[in-house]
Amino acid sequence: MPLFWRDRDLQWRALCRSSGSYLKLASLVRRRHSAEMRIALFEPEIAGNVGAVLRLGACLGAAVDLIEPMGFKWDDRRVRRTAMDYIDHVTIARHRGFDAFRTAVGSRRLVLFTTKSGQSAYDFAFRADDVLLFGKESAGVPPAIAEVCDARVRIPMRSQVRSMNLATSAALALGEALRQTATLPS
Ligand SMILES: C[S@@+](CC[C@H](N)C(=O)[O-])C[C@H]1O[C@@H](n2cnc3c(N)ncnc32)[C@H](O)[C@@H]1O
């Protein structure tokens with residue numbers, strides 16, 4: 001394992017041991033304003049998608065919440081290959097499950113992106129501290145989780161196709177949410 005990643009893994013494990021619940025790579029990430037937009041991935045299955053979303057968060061300025069279990073090991077090479085050094089510029093929080101995630105994000109709104117909603121994301125009024133939640137690649141989120149979200153929105157698509165790639169939908173969603181809230185980087 002390259003030194004960079006080994007160090008990161010060691011710090012990660014130390015944090016997990018000391019906090020009891022998974023939390024962010026505090027010493028490795030840039031400190032950000034607490035009101036920043038967040039992207040949350042529910043039980044992501046494909047390492048390359050997570051890497052792409054981490055890179056997106058680094059480029060546009062959004063923290064990323066990873067809700068476990070994930071379909072791959074955190075130190076999977078595909079995450080590193082896709083996120084590359086951009087991983088240094090994104091705040092990452094891992095959560096043991098949805099309940100731990102919900103507690104960690106507190107009173108922020110959870111806005112679920114789902115193909116099952118009739119509400120267009122382009123007609124929805126985002127807030128600068130919203131958490132944009134995305135489902136797993138194979139099945140989205142269970143109905144019980146969709147119900148507890150504060151809003152459910154859809155990115156309009158042509159009717160003959162089922163869904164977008166997870167990272168692609170996150171990019172469109174975050175771009176629109178940041179644009180609306182005037183929080184796009186310059
Ligand atoms: C590959 S899709 C999941 C498809 C899954 N079969 C389903 O029924 O939800 C992964 C995630 O990307 C997001 N997504 C993909 N296309 C979307 C769209 N048009 N509108 C909103 N979210 C979308 C959703 O969060 C979805 O759970």
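Q: The expected span of a helix is 1.5 Å times one less than its number of residues; how far does helix α6 reach from its first C-alpha to its last?
A: The model is a predicted one, and in it helix α6 covers residues 166-180, which is 15 residues. At 1.5 Å a residue, a span of 21 Å is expected, and the computed reach from the first C-alpha to the last is close to that, at 21 Å.

Q: Within what arc do the buried residues of α6 fall, seen down the axis of the helix?
A: The buried residues of α6 are L166, A167, S169, A170, A173, L174 and A177. An α-helix has 3.6 residues a turn, so residues three or four places apart point the same way. The buried residues of α6 line one face of the helix, because, seen down its axis, they fall within an arc of 150°.

Q: Which helix gives the most residues to the largest nonpolar core?
A: The largest nonpolar core holds 45 residues, and A40, V53, L132 and L133 are those that touch the most other members. The greatest contribution to this core is seven residues, and it comes from the helix spanning residues 47-60, α2.

Q: Leaving aside neighbours within four places in sequence, which residues is V53 in contact with?
A: V53 is one of the residues that touch the most other members of the largest nonpolar core. In general, nonpolar side chains tend to be buried together in soluble globular proteins. Once neighbours within four places in sequence are set aside, the contacts of V53 are I39, L41, V64, A167 and A170.

Q: Is D150 buried or exposed?
A: D150 sits in the loop between α5 (143-148) and β6 (151-153), and, leaving aside neighbours within four places in sequence, D150 is in contact with R109, L110 and V111. A residue with 12 or fewer other C-beta atoms within 10 Å of its own counts as exposed. Because D150 has 12 C-beta neighbours inside 10 Å, D150 counts as exposed.

Q: How many residues of the shell around the ligand are charged?
A: There are 15 residues around the ligand, and F113, G135, G140, M164 and S169 come nearest; among them, S169 is also one of the buried residues of α6. By class, the shell divides into seven residues that are nonpolar, six that are polar, and a charged group that numbers two.

Q: What percentage of the contacts in the protein chain with a separation of 6 or more comes from residues 24 or more positions apart?
A: The protein chain has six helices and six strands, which follow one another along the sequence as α-β-α-β-α-β-α-β-β-α-β-α. Among contacts with a separation of 6 or more, the share from residues 24 or more positions apart is 79%.

Notes
Residues numbered from 1 in each chain as written. Predicted model: local features only at pLDDT ≥ 70, side-chain atom pairs only at ≥ 80, totals over all residues. Near = placed C-beta within 6 Å. Nonpolar A, V, L, I, M, F, W, Y, C, P; charged D, E, K, R; others polar. Helix = DSSP H or I, 4+ residues; strand = E, 2+ residues; numbered from the N terminus. Contact = placed C-beta atoms within 7 Å. Core = buried A, V, L, I, M, F, W, Y, C linked by C-beta atoms within 7 Å. Buried ≥ 20, exposed ≤ 12 C-beta atoms within 10 Å, placed from the backbone. Expected span 1.5 Å × (residues − 1). Arc of directions from axis to C-beta.
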